[in-house]
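Student: Could you take me through the salt bridges of this model in close detail? I would like to know which residues pair up and where they sit.

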Amino acid sequence: MAYITLRDVQLAFGGPALLDGANFNLERGERVCLIGRNGEGKSTLLKLIEGTLLPDSGEVAIQNGLTVSMLAQDVPMDSGKVADIVADGAGEAATVLKAYHEACDACILGDMEACDRMGNLQHKLDQLDGWALENKVNSILSKMGLDPNADLADLSGGRKRRVLLARALLTQPDVLLLDEPTNHLDVESIEWLEKFLLDQNNLTLLFISHDRSFVDSIATRIVELDRGTLRSYEGNYSRYLDLKAQQMEAEEKQNALFDKRLAEEEVWIRQGIKARRTRNEGRVRALKALREESKARRFQQGKVSMATQDANRSGKLVFDIEHLSVSYGDNLLIKDFSALVMRGDRIGLVGDNGVGKTTLIKAILGQIEHGGSVKTGTQLEIAYFDQLRNALDLEKTVMANVSEGSDFVDVNGNRRHIYSYLQDFLFSPERARTPVKALSGGERNRILLAKLLLKPSNLIVMDEPTNDLDMVTLELLEEMLSDYKGTLLLISHDRAFMDNVVTSTWVFDGKGNIDEYIGGYQDYLEQRPDQKVVDQKSDVKKAQAKAEAAAAAATPAPKKVKLSYKDQRELDSLPAEIEALEAEQTQLSDKLADGSWFVSNADAATQASQRLAEIEEQLLEKLERWDRLENLSKGN
């Protein structure tokens, strides 16, 4: 028997039905990802299963004795001890245990009434098996690397997510519901969450996520909510894309046949009396039924139409950054960073939350004080997508936020009505008159994109633009940025988005250092050094250096010796070999510089990137060998 079953579930809130006769089964051990466009009703479906909402009709059946726990989408801003917040997941036992500890503290201070309360609370804890709760809390917090005495308000977004997940898992649920679990997490936290969930034996998952890499790693099945209907696709997201394309092609053919038949019947019914002598009531009734079916048919929501506003080209040099440093008190966020940003570069910034990615952007743009220098190129026109969404007035309507009170906007020299422009971003005239505070996170992001793209620019700065966007809009944003002729600085924790958009990556190590890698996130993973190997090599080199220094001190200077014929030939040939390697290095670096090669032929570009790393190793070896042979020939 399935853990959870939905049968002919109907649910609507005044508009088109969010669930229109929906059917669904969740089997034990499955990890099912629920996907769909913003506003389709995914979070609503989770609330139906959780029990906080009831359907208009149909049945939501949950197996007897099954425990279901939910990790909500929003991260709380509350303060409180981590251990207490996690224990709250146990319900009454947690409340009594907290009251017992408070009474105990008061009793120690001499409050006799509190001492009397302790006896009653102790009896309740015995009945609720509350004494075991403390051990469970400490065990799960240890497993997740959390300090039980820390204050929730002091934790990063990723750590807060861990606290909420610990609370959800405290009661060892049979089914865990996750609503956008990767939102606001840095890459390291997302990868930790992937591993943690995969390590949980027999845990059944139903989760919503727009992070394609996360979905590919976790999901065993994809369920799409589309126009009120749930459709199932076995496998991960990559498999879903193949199956969805086949389904959409079949649906288009079916709709085309239906439209052709309806058009033929409409022509027939409008013919003159003579031509319709063979008309019968059955055919008329069939035409009426076709008309009703056509009215009831729900078409797939359109795609966002987005394009950048043309601006004058910036100078070839965009930013020349030299020895940039930023500190807050004793905390050094950025240490001695130097880089060149050229026109057309698409640079991704990667690192844990709080390491200084947004700070670096603000320093480069001159919004905060910093050490070092930043030379800005000529004719820069900047469009800035703000992580904190400060650009939106929540009390104003969508239209007022985008057009700032005007009924018309200028789009690449064309005057368009604001309603027409907003329909490109899937806002109907009615929705355009809605206050921003009433909209979902994904809709707010679309408003920001609509506002941002009205501004002519040759430099786009985006700070976490992908949060809450559905997968279709994400892919369209990727396409637009890939075709953008200007320069892009992008902060994102969406690994697939970074891989598809950026041409180089700045990686923050959390100690103030920033390293640059060619390509996207996966390219960085392939190019980065293994830290253990680096440490081991460093230790070996130090030991060798000490041994050589000791030997040099104990040994008299060698006499000049004549090289063997073989060594002399090698010494003579090394300069030409080094020159050839340096020429190849320059050629490959130039080809990879603008990133277009990664778009036109990603495999060849990746191989070239790997070849660059090999050349660096070969150059180092040959230079060391040249130096050694020259020293030998001179008797050094």
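Tutor: Happy to; we go through the salt bridges pair by pair, then look briefly at one further contact. This is a predicted model, in which local features need pLDDT of at least 70 and side-chain atom pairs count only at pLDDT 80 or more, while totals for chains, interfaces and linings use all residues. Residues are numbered from 1 along each chain as its sequence is written, and side-chain values use heavy atoms, with hydrogens and water left out.

The structure holds 13 salt bridges; the term stands for a side-chain nitrogen of Lys or Arg within 4 Å of a carboxyl oxygen of Asp or Glu. One of them links Arg221 to Glu30, with 2.8 Å between the closest N and O atoms. Arg221 belongs to strand S8 (residues 221–226) and Glu30 to the loop between strand S2 (19–26) and strand S3 (31–35), so this pair ties together parts that are 191 residues apart in sequence. Helices (H or I, at least four residues) and strands (E, at least two) are DSSP runs here, numbered from the N terminus. Arg221 is buried, at 7% relative accessible area, and Glu30 is buried too, at 14%. Buried means under 20% relative accessible area, exposed over 50%, and partly exposed in between (1.4 Å probe, protein chains only).

Next comes Arg495 with Glu194, where the closest N and O atoms are 2.6 Å apart. Arg495 lies in helix H17 (residues 495–501) and Glu194 in helix H7 (residues 187–199), so the pair ties together parts that are 301 residues apart in sequence. Arg495 is buried, with a relative accessible area of 6%, and Glu194 counts as buried at 9%.

Glu584 and Arg611 also form a salt bridge, at 2.9 Å from N to O. Glu584 is in helix H20 (residues 565–593) and Arg611 in helix H22 (residues 602–634), so this pair ties together parts that are 27 residues apart in sequence. Glu584 is partly exposed at 27% relative accessible area, and Arg611 is partly exposed at 22%. As for shared partners, salt bridges join Glu194, Asp211 and Arg495 into one network.

The further contact belongs to Asp424, found in the loop between helix H13 (418–423) and helix H14 (429–432). Asp424 is buried, with a relative accessible area of 19%. Its side chain makes a polar contact with the side chain of Arg416 at 2.8 Å. A polar contact is a pair of N or O atoms within 3.5 Å; within protein, one must be able to donate a hydrogen and the other to accept it, and residues adjacent in sequence count only if both atoms are side-chain atoms.
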